[in-house]
Amino acid sequence: MRKIQIFAMVAFATLIASCSNDDEITQTPEKDTSISVTATVQSAATRAGYSNDNLPQTFYLTITGNGDTDYNNVSMTKGENNLYAPTDGSKLLWATTNYDGVNISAYTTDITQGFAVQTTQSSEANLEASDLLGATKNGTTDNGATIDGNGGINIAFNHLLVKLNIHFSFNKEYEALTMDKISAISLNGVHTQGTYSEGVLTTAAATGDIEPFTAMDATDKTMTAESIFFPTLDGDSNPTLTFTLTESENVTRNYSSTVTLPAAGLQAGYAYSLNVKIGATEVELSSIQTIGLTGWGTPDGDYDQNIKQ
């Protein structure tokens, strides 16, 4: 009889331990627990800009549908292990466990005031400052913002604007020249300001001129000019590209060429390229093409057409 009692006690203890282990595996975060926030950025494959190796130091986070405790436009600062916490030292707490009803938006700037790209993007810092990132979650539909099983918020930022890489080279008559003879590059008539709401561009009315970030290759025979700006709108005019070539001490040439927009325009979140070949009597521009930069849109379209100016 004593052996039976001992065996029953051991079996009961084993059952309790098993239940305890199951609870640890299947437990759901409770209300009033802290919200952990992490962030990632798909690489922009650019010489400057945000990536997983260069995460934004701060961003702005909004959480609604969190029971009776919503958070609006909270400034978040990066700490160790890519964890972000409120800049003012406060804590974010869950007031619900129904994550399907939670809405999240995160942006690298306070978009309640609108956003404007830098018109002088010739420095890496200004090009990076123009790379607006965002992520959202609307109920069960996420566009970069998710909540994991432990109640952690994961922000996978998307690039929200347009990136254009302009590749310069010389025709045969200028094959002796190097790219340091090119100056005053400007992309004119693109959208430089806009407003976002829940990840959707609502306006981009202002147009302006952008001085791009430039870098020559090792031979100084080709050069890439990078710029970031707002997507085009229906009915937009074609922008223009202007630059100056100092052919010799006594000869300076000023060029101005129309950049023909693709039929679908320049779309948010996509990266594009444009080839510019410089000759003595003309400048030859390729058609604009989408390019497969990691973290931007997928390439498509016909890129064979050349347009002479």
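How many helices and strands does the chain have? There are two helices and 23 strands, and the model you are looking at is a predicted one. Here is a friendly tour, starting with the whole chain, moving on to one of its sheets, and ending with two buried residues, Thr 244 and Ser 227.

**The chain as a whole**

- The chain runs to 309 residues, and 40% of them count as buried.
- If you take the contacts between residues at least 6 apart in sequence, 65% of these join residues at least 24 apart.
- The accessible surface adds up to about 16,100 Å², with 47% of that area belonging to carbon and sulfur atoms.

**A four-stranded open sheet**

- Four strands line up in the order β15-β12-β18-β19 to make an open sheet, and their pairing is antiparallel.
- The edges are held by β15 (207-210) and β19 (251-258); each has a single partner strand, so one side of each is left without a neighbour in the sheet.
- From one strand to the next, the twist averages 15°.
- Strand β18, covering residues 240-248, pairs with β19 over eight bridges in the antiparallel sense.
- To find your place in this pairing, look for Leu 245, which stands opposite Arg 253 in β19.

**Thr 244, in strand β18**

- Thr 244 belongs to strand β18, the strand that pairs with β19.
- Its relative accessible area is 15%; Thr 244 is therefore buried, as the cut-off for that label is under 20%.
- The side chain of Thr 244 makes a polar contact with the side chain of Asn 254, at 2.8 Å.
- Not counting residues up to four places away in sequence, Thr 244 touches Thr 252, Arg 253 and Asn 254, and also Lys 181, Ile 182, Ser 183 and Ala 184.

**Ser 227, in strand β17**

- Ser 227 sits in strand β17, which spans residues 223-229.
- Is Ser 227 buried or exposed? With a relative accessible area of 2%, Ser 227 is buried, because the label applies under 20%.
- Leaving aside neighbours within four places in sequence, Ser 227 is in contact with Gln 121, Leu 127, Val 162, Lys 163, Leu 164, Leu 187, Ile 210 and Pro 212.
- One of these contacts, Ile 210, falls within the residue range of β15 (207-210), an edge strand of the open sheet described above.

Conventions: Residues are numbered from 1 along each chain as its sequence is written. This is a predicted model: local features need pLDDT of at least 70, side-chain atom pairs count only at pLDDT 80 or more; totals for chains, interfaces and linings use all residues. Side-chain values use heavy atoms; hydrogens and water are left out. Buried means under 20% relative accessible area, exposed over 50%, partly exposed in between (1.4 Å probe, protein chains only). Contact means heavy atoms within 4.5 Å. Accessible areas come from the Shrake-Rupley method with a 1.4 Å probe; for residues, only the protein chains shown count as cover. Two strands pair if DSSP finds at least two bridges between them. Axes are lines fitted to C-alpha atoms, for helices over the stretch in contact, and angles run from 0 to 180 degrees between N-to-C directions. A polar contact is a pair of N or O atoms within 3.5 Å; within protein, one must be able to donate a hydrogen and the other to accept it, and residues adjacent in sequence count only if both atoms are side-chain atoms.
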